[in-house]
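Open your viewer, get the sequence panel ready, and let's walk through this model together. Each stop tells you what to select and what you will find there.

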Amino acid sequence: MITGHRGAAALAPENTLAGIKKAVASGIKWIEIDVQLSADNIPVIIHDRTVQRCTNGQGRVGDLNLGELKALDAGSWFAAEFAGETIPTLEEALLACQKYDLNMNLEIKTYCEEAVKPLVDKVIETVGTINFPIEKLLFSSFSAIALAQCQSLYPDVRRGFITETKSADMLEELKPLALYSLHIDHRILDEVLATSIKDTGLKLMIWTLNDPTKIDKYTAWGVDNIITDKPNAF
Ligand code: G3P
Ligand code: MG
């Protein structure tokens, strides 16, 4: 399987509805997007802790309310043709995935520990409000705390742990989370580690691979899902 990273980050401004449309046009069935809370507790789709890199605004996402975030241009920084693109709410992104029959890998971004509980609460509330098909949803996070909360509040939605490090006891330590998948930085994956992950029964995902000539190597190691900025090239 191929997943469009942040929508389709090489083809459209990341984490926007335009990116989701590019993923659809590439013919793929999965997207990955990042969620955080606005100051007024609305889950919004944006990667960084601040809005500077991907909008024409300034400040922390968590210090701006939805109205302030929605007033920003989240497209022009990428290319003029995307001027006027906005930061989507989680609700808008879920509705887009429903419309296009896409699976959503929703990365729960946790820049500080206090933010985890309110974020997971609101994410789960929003998914419930939309009545999004849970078989098309995967919660992922670098935060084991966030995933444990997902597990306790909404155990039926699959969970994936994201990592950019590896340790001998990682797989043992993760067992209580009853994960569906492990999402690992492709640069630290080798065949031995891939085999040990697959032997536990976990699905194996890698990020962020943008060179399609490496597909065969990773699929031979048992990789189930490749997260890429360039879904069209895959
Ligand atoms: O979900 C995998 C990948 O998105 C994790 O890193 O920083 O791109 O959110 P990042
Ligand atoms: Mg991400």
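## First stop: a loop residue

Select Asn-41, which counts as partly exposed because its relative accessibility is 37%. Keep in mind as you look around that this is a predicted model. Asn-41 sits in the loop between β2 and β3 (43–45). Check its backbone angles: phi is near 65°, a positive value in a residue other than glycine. Most residues other than glycine have a negative phi, and most peptide bonds are trans.

## Second stop: the ligand

Now select ligand 1 and show the residues around it. You should find His-5, Arg-6, Glu-32, Asp-34, His-47, Glu-107, Lys-109, Phe-142, Ile-162 and Trp-207. Colour this shell by class and you get five charged, three nonpolar and two polar residues.

Next, draw some distances from the oxygen atoms of the ligand:

- To His-5: an N or O atom of the side chain is 2.8 Å from an oxygen atom of ligand 1.
- To Asp-34: a polar side-chain atom is 3.3 Å from an oxygen atom of ligand 1.
- To His-47: a polar side-chain atom is 2.7 Å from an oxygen atom of ligand 1.

How much of the accessible area of ligand 1 does the protein cover? Taken on its own, ligand 1 has 290 Å² of accessible area, and the protein covers 92% of that.

## Third stop: from the ligand shell to a salt-bridge network

Stay with Arg-6, one of the residues around ligand 1, and add Glu-14 to the selection. These two form a salt bridge, with their closest N and O atoms 3.1 Å apart. Are Arg-6 and Glu-14 buried or exposed? Both are buried. Extend the selection to Asp-48 and Arg-53 as well: together with Arg-6 and Glu-14 they are linked in a network of salt bridges. The structure as a whole has 13 salt bridges.

## Fourth stop: a bridge between two loops

Select Lys-136 and Asp-101. Here the closest N and O atoms of the salt bridge are 3.2 Å apart. The pair links distant parts of the chain, 35 residues apart: Lys-136 belongs to the loop between α4 (116–130) and β5 (137–141), and Asp-101 to the loop between α3 (90–100) and β4 (103–108).

Asp-101 deserves a second look. Its phi is positive, about 60°, although it is not a glycine. Asp-101 counts as partly exposed because its relative accessible area is 42%.

Then step along to Asn-103, in strand β4. Asn-103 is buried, since its relative accessible area is 10%, under the 20% cut-off. Leaving aside residues up to four places away in sequence, Asn-103 touches Lys-29, Trp-30, Ile-31, Glu-135 and Lys-136. Lys-136 in that list is also the partner of Asp-101 in the salt bridge you have just seen.

## Fifth stop: helix α1

Show helix α1, residues 17–25, and pick out its buried residues: Ala-18, Gly-19, Ile-20 and Ala-23. An α-helix has 3.6 residues a turn, so residues three or four places apart point the same way. What lies over the buried residues of α1? The cover includes β2 (30–37) and α3.

Now select Ala-25, also in helix α1. Ala-25 counts as exposed, because its relative accessibility of 67% is over 50%. Add Pro-231 and draw a line between the two C-alpha atoms: they are separated by 9.3 Å, while the residues are 206 apart along the chain. Just after the helix, look for Gly-27, which takes a positive phi of about 85°.

## Last stop: a cis peptide bond

Go to Trp-207, which you met among the residues around ligand 1. A cis peptide bond joins Trp-207 to Thr-208, with omega at about -20°. Thr-208 is in the loop between β8 (203–207) and α8 (215–220).

To finish, select Lys-214 and Asp-211. They form a salt bridge whose closest N and O atoms are 3.7 Å apart. Lys-214 counts as partly exposed because its relative accessible area is 33%. Asp-211 is also partly exposed, at 29% relative accessibility.

Conventions
Residues numbered from 1 in each chain as written. Chains lettered and ligands numbered in written order. Predicted model: local features only at pLDDT ≥ 70, side-chain atom pairs only at ≥ 80, totals over all residues. Heavy atoms only, no water. Near = heavy atom within 4 Å. Polar contact = N/O pair within 3.5 Å; in protein donor to acceptor, adjacent residues only side chain to side chain. Areas by Shrake-Rupley, 256 points an atom, 1.4 Å probe, with all protein chains shown as cover. Nonpolar A, V, L, I, M, F, W, Y, C, P; charged D, E, K, R; others polar. Salt bridge = Lys/Arg side-chain N within 4 Å of Asp/Glu carboxyl O. Buried < 20%, exposed > 50% of the residue type's maximum accessible area, 1.4 Å probe, protein only. Helix = DSSP H or I, 4+ residues; strand = E, 2+ residues; numbered from the N terminus. Contact = heavy atoms within 4.5 Å.
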